[in-house]
Amino acid sequence: METELDQSRIDAREALLDAVAALESHSDAAILVGAQAVYVHTESDSGSFAVSPFTYDADIALDPLLLRNAPSIVDAMRGAGFVLGDQPGLYTRDAHHRVDLLVPAAVGGAGRRGARLSVHGNTAAMKVRGLEGALVSHAWRTIGSLRPGSARKCVLKVAGPAALLVAKVHKIWERVGESDEGRREDLHKDAFDLYRLLRVVDAADIASQIGILQSHEVSSEVTSAALSMFRRLFGGPGDVGTRLVVRHVQGLENSDFISASSVALSQDLLEAASKR
């Protein structure tokens with residue numbers, strides 16, 4: 001099973017590289033978010049657990065203010081073999097390649113799902129609440145292929161740890177109470193991705209970044225909301241977020257240790273954030 005998961009991560013990275021190449025003209029507007037961005041920050045810790053990091057897709061946030069008028073986003077993705085599905089921003093090429101183009105809701109314009117992107121239309125990217133911090137906190141990073149022996153790589157903006165934490169918390173909070181099993185089934189992985197971030201990135205550094213996000217108009221509201229959500233999701237061993245972390249490694253790691261570690265790291269972050 002682990003071999004299959006490892007291959008899925010390789011395929012997801014190839015899809016990302018293909019999408020970045022397709023969107024080269026819009027490179028200033030593109031920011032890596034989601035699991036692949038988390039793994040960029042936590043690569044040094046990737047071998048610490050029996051369950052390997054994995055993801056089936058690539059998530060790219062777009063800054064509408066930095067998009068060029070041409071080429072068309074949909075046409076550029078189509079040129080790389082990606083087909084826009086029946087929901088805005090969700091592109092697939094085959095069973096192993098999917099790329100989601102996302103726009104922070106605060107800058108996505110009117111409408112419920114599709115971002116309003118002027119000449120690019122209303123279906124090229126999906127609006128997502130919680131990604132606003134990526135517009136404020138990001139850095140250029142070199143992203144390489146995970147295929148053995150491959151030298152393929154790209155240079156791409158990657159969202160900072162605090163921005164990723166805010167986005168993941170919003171995602172978990174939004175979906176945790178849903179009855180749709182399909183939208184809830186991956187939440188344990190999202191929770192464990194947060195745990196990976198907290199293990200690798202110092203709580204004081206994340207808290208400092210949170211302060212920066214709260215000082216910017218575009219990201220202030222979602223960041224403050226995420227802190228409140230985080231406290232309720234991960235503040236104690238019985239909270240749903242903590243239980244999701246444990247569920248991800250059930251039977252593979254010591255559940256009591258993972259639970260206690262998750263709570264301790266969460267409390268460290270909350271304490272550091274309260275001292276800003």
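Me: Where in this predicted model does S118 lie, and what is the approximate value of its phi?
Reply: Residues are numbered from 1 along each chain as its sequence is written, and S118 lies in the loop between β5 (97-104) and β6 (126-128), where strands (E, at least two residues) and helices (H or I, at least four) are DSSP runs numbered from the N terminus. Most residues other than glycine have a negative phi. S118, which is not a glycine, has instead a positive phi, near 55°.

Me: Which residue does a cis peptide bond join to A70, and in which loop is P71 found?
Reply: Most peptide bonds are trans. The bond between A70 and P71 is cis, with omega at about 0°. P71 is found in the loop between β2 (58-62) and α3 (73-79).

Me: How far apart are the centres of domain 1 and domain 2?
Reply: The protein is divided into domain 1 (7-159) and domain 2 (161-274), with bounds from an automatic or database domain assignment. Taken over C-alpha atoms, the separation of the two centres is 22 Å.

Me: Which residues of domain 1 lose the most area to domain 2?
Reply: Together the two domains bury about 2400 Å², with 69% of this on carbon and sulfur atoms; buried area is the accessible area (1.4 Å probe) that two parts lose on being put together, summed over both. On the side of domain 1, three residues together account for 25% of what that side buries, and those losing the most are F49, R129 and V136.

Me: With which residue does E221 form a salt bridge?
Reply: The model being predicted, local features need pLDDT of at least 70 and side-chain atom pairs count only at pLDDT 80 or more, while totals for chains, interfaces and linings use all residues, and side-chain values use heavy atoms without hydrogens or water. A salt bridge requires a side-chain nitrogen of Lys or Arg within 4 Å of a carboxyl oxygen of Asp or Glu, and two are found across the domain interface. For E221 the closest N and O atoms are 2.9 Å apart, and the partner is R129.

Me: Which helix gives the most to the side of domain 1 that touches domain 2?
Reply: Both α2 (34-41) and α4 (132-136) supply at least two residues of that side. With six residues, the element that gives the most is α2.

Me: What is the radius of gyration of the protein?
Reply: The fold has eleven helices and eight strands. The globule rule (2.2 Å times the number of residues to the power 0.38, with the radius taken over C-alpha atoms) gives 19 Å for 276 residues, and the protein comes close to this, so it is as compact as a globular protein of that length, with a radius of gyration of 18 Å.
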